[in-house]
Amino acid sequence: MFDIIIVMVKPIVCAALLLAVLAHPAVSTIEDGSIYEDYVDIGEVQSVEVYQGSSATFSVSATNHGNLCYGGVILKYPRDLPEGITISPVESQTIDIGETATYEVTIYAGENTSIGTYNIGIADNAANDPNTWRDVEVSVLTPPPPPTPVPTEKVTPVAGGIPTRPAEATMETGGIRLTDNVLFWLVVVLGALLGIGAFMRYRGI
């Protein structure tokens with residue numbers, strides 16, 4: 001009887017041992033994470049510059065390298081963003097196998113955000129994806145000074161009631177500048193002198 005029990009138990013023990021041997025590598029693989037793949041890959045992102053109190057928009061691409069279609073994929077960011085920096089959420093997109101989706105991301109820096117350079121992570125939320133983070137260098141800068149106003153042309157006012165005459169109407173004689181008014185009085189004085197002289201000759205003086 002005892003021999004019969006041993007004979008029946010042997011196959012069960014062997015099966016259990018075989019299952020344990022086969023399962024061990026799989027367990028080890030899952031533990032070290034090598035069974036996973038980065039199905040959705042975030043592309044390279046250029047550094048971003050944003051002024052205090054303003055925003056900047058840049059593009060982020062995500063490519064599906066897996067063998068499944070992923071719907072509702074959105075980008076996610078760290079919860080501990082630098083103080084004063086906010087990132088506008090972007091709408092989710094469906095990424096087909098081998099396709100690339102482009103997201104427009106807007107980052108805003110408050111007026112009191114400290115000047116400096118920050119590394120902000122961006123990842124995706126695709127299913128069964130390890131969410132590999134991509135660092136983006138964000139530089140917060142001082143706003144540029146306001147533009148210098150263009151000076152307006154200065155116009156010298158002309159006194160009202162005083163007509164201006166062209167240069168041709170002015171006569172110059174012996175370095176003395178004679179205007180029409182002065183010339184008139186010279187003619188009057190000269191005529192008076194001539195009249196006085198004629199009168200004196202007439203009287204025999």
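Two strands are taken to pair if DSSP finds at least two bridges between them, and strands themselves are DSSP runs (E, at least two residues) numbered from the N terminus. In this predicted model, local features need pLDDT of at least 70 and side-chain atom pairs count only at pLDDT 80 or more, while totals for chains, interfaces and linings use all residues. Residues are numbered from 1 along each chain as its sequence is written, and side-chain values use heavy atoms, with hydrogens and water left out.

A good place to start is the open sheet of four strands, which has the order β2-β10-β9-β5 and mixed pairing. Both β2 and β5 (75-76) stand at its edges with a single partner strand each, so one side of each lacks a neighbour in the sheet. Between β9 and β10 the pairing is antiparallel, over seven bridges, and Asn119 stands opposite Glu137 in β10.

Strand β10 also takes part in salt bridges (a side-chain nitrogen of Lys or Arg within 4 Å of a carboxyl oxygen of Asp or Glu), of which the count comes to two. Arg134 meets Asp41 at 3.7 Å, N to O; because Asp41 lies in strand β1 and Arg134 in strand β10, this pair ties together parts 93 residues apart in sequence. Arg134 also meets Glu44 at 3.1 Å, N to O, and Glu44 belongs to the loop between β1 and β2, 90 residues from Arg134. Shared partners thus join Asp41, Glu44 and Arg134 into one network.
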